[in-house]
Amino acid sequence: MLSSKRLRVTAFTMGALLLAAGCGSGDGGGDKSELKLYNDKGAWKPYFEQMAALGKQKTGLDMTPVGYTDEPTYTAFIKSSFRTNVKPDLFTWTTGGRLNEIVEQNQVAETTKIWQDGIKSGDLTEDLKTYYTVDGKQYCVPLNTAYWGMFYNKKLFAEHDLKPPETWAELEKLAQTLKSKGQVPFHHTTPTSLFSFAWFEQLLAGTDPGLYDRLSKGQASYTDPGVVKVMERWKSMVDAGYFTEPGDKSDPADHFKSGKAAMVMNGTWFNTSMTQRNLKLGEDYGFFFVPNVNASLPKRSLIFESGPLCSLRKAPDPEASEKYLKWWITAEAQEKWSNARGDVSGNPKVKVAEPELDKVTKEAASKENRLVLRYFEAAPPPVLTEALSGFDKFLNEPGSYMDVLKNIQKVNEDYWKSQEGGS
């Protein structure tokens, strides 16, 4: 399965390289007036274009977004750019193991000075810096910041006299009630395997966040009894009919709007998908943070992510790319970016225009939460690849969970042994 996937990605990448080469984003030697921002968020094109208009006014630089909707194709293109003359001026990526990987290959432009100045000006925070630090230096800047929780259909909740749960037991009771009324409680978050980890991370972090952290550091096994119990809980929820069919390729936001699924777990950035469908937060839908499975934990485990905006060390015009990154983190830019999309911002000086979203931001900042790095960033790249494939298989074959865990653990062991060996 993986080898065939790589073949497909290779084919996609060749086409992408030809397309990009036709766009002429590669051979520049400086003094550029137009930057191309490559991203894996094709649906966000209107928002990138709004930023381009403002950025032109403030920096004198034009910016053209080049969006992808297929993650493997996008990843393959960016990595191929390391070896070709078709290089992006700016590109989106992820923190964690995938950022470490390309930094270690000496491909990414350092942004330590931007972070130092940004923290002094109050546009960036020390807490956020941790996720952009590799071997004591900083790379990239925050494209977006998001917290994961549950979006819910307020009309369906009102119809069945339901309210957001404060405990895991209440969430289970809520799902049981919806199911008994003929309503599917949860959408499985995505029509592809890209976010197949969502329920795994939420269940594990909400049961044993220490075990979750140890897994990401190679200090625990995927066949640990605690991990097995999480998979068994997840399986019981699938068996109970709490989720949409795994083969359904509908967009979660479409399911949500139609009322086919009452809830969907996602990052706050999913709010953009809702507003694009003319749904209003606070009226058509609401949002709550998922309670811990383990009620005895001292803090609620809150899944957190921050996506980077990066430039290459050998970008077509490094000075122009750096200038744009410096502007991107300012309150002026971030206010436009976050409010246009209807999302939170990593800049603490930005006021969120949407009152309901502002409440979410304030609740996320509470000391009652324990921030937990999203699995997509926490897991080393080879382990993540196997896990995404494995969780996707589990959703289609719930009884396969032990084989799935064993396969992930094999890759996990091999990866950490290679790290110990310095290879």
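Reader: Which residues in helix 2 meet helix 15?
Author: Tyr 47, Phe 48, Gln 50, Met 51, Leu 54 and Lys 58 do, and in helix 15 they meet Glu 332, Ala 333, Lys 336, Trp 337, Ala 340 and Arg 341. Contact means heavy atoms within 4.5 Å. Helices are DSSP runs of H or I with at least four residues, strands are runs of E with at least two, and both are numbered from the N terminus.

Reader: What should I know about the model?
Author: This is a predicted model, where local features need pLDDT of at least 70 and side-chain atom pairs pLDDT 80 or more, while totals for chains, interfaces and linings use all residues. Residues are numbered from 1 along each chain as its sequence is written, and side-chain values use heavy atoms, leaving out hydrogens and water.

Reader: Back to helix 2 and helix 15. At what angle do they pack?
Author: About 160 degrees, with the axes 10 Å apart; helix 2 spans residues 45-59 and helix 15 residues 331-341. Axes are lines fitted to C-alpha atoms over the stretch in contact, and angles run from 0 to 180 degrees between N-to-C directions. Helix 2 and helix 15 are therefore roughly antiparallel (over 145 degrees; under 35 is roughly parallel, 65 to 115 roughly perpendicular, the rest oblique).

Reader: And how do helix 11 and helix 18 pack?
Author: Helix 11 (residues 225-239) and helix 18 (residues 381-396) pack at about 40 degrees, with axes 10 Å apart. That makes helix 11 oblique to helix 18. Met 231, Trp 234, Lys 235 and Val 238 of helix 11 meet Phe 391, Phe 394 and Leu 395 of helix 18. By class, this contact has 6 nonpolar, no polar and 1 charged residues (Ala, Val, Leu, Ile, Met, Phe, Trp, Tyr, Cys and Pro are nonpolar; Asp, Glu, Lys and Arg charged; the others, Gly among them, polar).

Reader: New topic. How many cavities of 30 Å³ or more are there?
Author: The structure holds 3. On a 1 Å grid over the protein atoms alone, a cavity is a set of points where a 1.4 Å probe fits but cannot get out; a pocket is an open set with protein on both sides within 12 Å along at least five of seven lines, and lining residues have an atom within 4 Å of a point.

Reader: What lines the largest cavity?
Author: Its lining includes Asp 123, Pro 142, Ile 329 and Gln 334. Strand 6 (residues 141-153) supplies the largest share, 4 residues. By class, the lining has 4 nonpolar, 5 polar and 1 charged residues.

Reader: Which helix gives the most to the lining of the second largest pocket?
Author: Helix 4, with 5 residues. The lining divides into 15 nonpolar, 7 polar and 7 charged residues.

How values were computed:
Points joined across faces, edges and corners; volume = space filled by probe spheres on them.
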